[in-house]
Amino acid sequence: MDTIISQLIELQRKPEPFTPGEALFWNDPHISKQMLDVHLNPDVDAASRKPETIDRSVKWMIETLGLKAGDAVLDLGCGPGLYASRFASAGFQVTGVDYSSRSIEYATKYARDNNLNITYRYQNYLELDDENQYDAAFLIYGDFCPLNPEQRSTLLTNVHRALKPNGQFVLDVSTREHRKKYGNKNAWYAAENGFWKPGPHLVLEEGFDYPEESIWLDQYTVIETDGKVSVYRNWFQDYTPETILAELSQGGFAIENLCGDLTGQPYTLDSEWIGLVTRKI
């Protein structure tokens, strides 16, 4: 018990930005099932946005990018294929990439059952090596924000290489307004089974704010009955228009459209999201 208490005291110390927690937890047999259930829950904006928002977003992106039937598009972090299936239904050649094998399995079956011509790959998009293949690439619902600076640079390099000349890259990133709305986590609960573990466990939630760097951390410390302690960390790099424009410019992308989200809402100082349409240069 003394060892666990000492471990918990140490975990209350503010970690250095982007210090990793449990690796690949989204592929954990239990957690990945919970994640898929959240993705597919139409009533919450959690792992994925609600279906009506996705519909509006896909419509706006197709119109804004001027995509036409037959264009090749890449959905990065595609999850269970909620966007990819809509792009395929609109007549595009779709490739979806995700690092959750459970999500890819679900998406593949859904595409097969619904006669959708989509290529799905179980792959870390940080290892993407496609070249000159796509008219447009999408990274939706803040997937850029959990990556550390080196990973973000790698991703932009990979996307730039994968796009055809003048190809377009669409993404959205969170602002400080989004994180301020929810605040730092500071709570605990016990469960017979839950999101993190299938058996009895205790969850300690704690949030850390790094205002000078516009970084937030949601940390979940999970203690099982045998005394095993697991630490799950969700990092978020938040942005202003200036900071995201600078990062994208350095990655070889020019901004064509900046909005408050990917449905085309105007950006204001109160916006929780920044939606961006960029072009490879």
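Two strands are said to pair if DSSP finds at least two bridges between them. With that term in place, good morning. I shall present a part of this model, which is predicted, beginning with strand β2.

β2 comprises residues 93-98, and five of its six residues are buried. What runs beside this covered strand? The partners are β1 and β3: β1, residues 72-76, pairs with β2 in the parallel sense over five bridges, and β3 runs parallel to β2 as well, again joined by five bridges. Individual positions can be picked out in each pairing. Toward β1, Gly-96 of β2 stands opposite Asp-75. Toward β3, Val-97 has Arg-121 as its bridge partner. Please keep Arg-121 in mind, as we shall return to that residue.

Next, the connections between these strands. β1 and β2, together with helix α4, residues 82-89, form a right-handed β-α-β unit. Another right-handed β-α-β unit is made by β2, α5 and β3.

Let us now turn to α5 itself. The helix consists of 13 residues, 101-113, and the distance from its first C-alpha to its last is 18 Å, close to the 18 Å expected at 1.5 Å a residue. Which residues of α5 are buried? They are Ser-103, Ile-104, Ala-107 and Ala-111. Because these residues cover an arc of only 95° around the axis, they lie on the same side of α5. What lies over them? The covering elements include helix α2, residues 29-39, and the strands β2 and β3. On the face turned away from this buried side, α5 carries the exposed residues Glu-105 and Arg-112. Just after the helix, Asn-115 adopts a positive phi of about 55°.

Finally, I would direct your attention to the loop between β3 and β4, where Asp-130 is found. Is Asp-130 buried or exposed? Its relative accessibility is 7%, and buried means under 20%, so Asp-130 counts as buried. Here Arg-121 returns: the side chain of Asp-130 makes a polar contact with the side chain of Arg-121, at 3.0 Å. Leaving aside residues up to four places away in sequence, Asp-130 touches Arg-121, Asn-158, Arg-161 and Ala-162.

To conclude, Arg-121 offers a useful point from which to review the model. In β3, this residue is the bridge partner of Val-97, and its side chain is in polar contact with that of Asp-130. From β3, one may then follow the β-α-β unit back through α5 to β2. Thank you for your attention.

Conventions. Residues are numbered from 1 along each chain as its sequence is written. This is a predicted model: local features need pLDDT of at least 70, side-chain atom pairs count only at pLDDT 80 or more; totals for chains, interfaces and linings use all residues. Side-chain values use heavy atoms; hydrogens and water are left out. Helices (H or I, at least four residues) and strands (E, at least two) are DSSP runs, numbered from the N terminus. The expected span of a helix is 1.5 Å times one less than its number of residues. Buried means under 20% relative accessible area, exposed over 50%, partly exposed in between (1.4 Å probe, protein chains only). The arc is that of the directions from the helix axis to the C-beta atoms. Contact means heavy atoms within 4.5 Å. A crossover is right-handed if, with the strands pointing away from the viewer, the path from the first strand over the helix to the second runs clockwise. A polar contact is a pair of N or O atoms within 3.5 Å; within protein, one must be able to donate a hydrogen and the other to accept it, and residues adjacent in sequence count only if both atoms are side-chain atoms.
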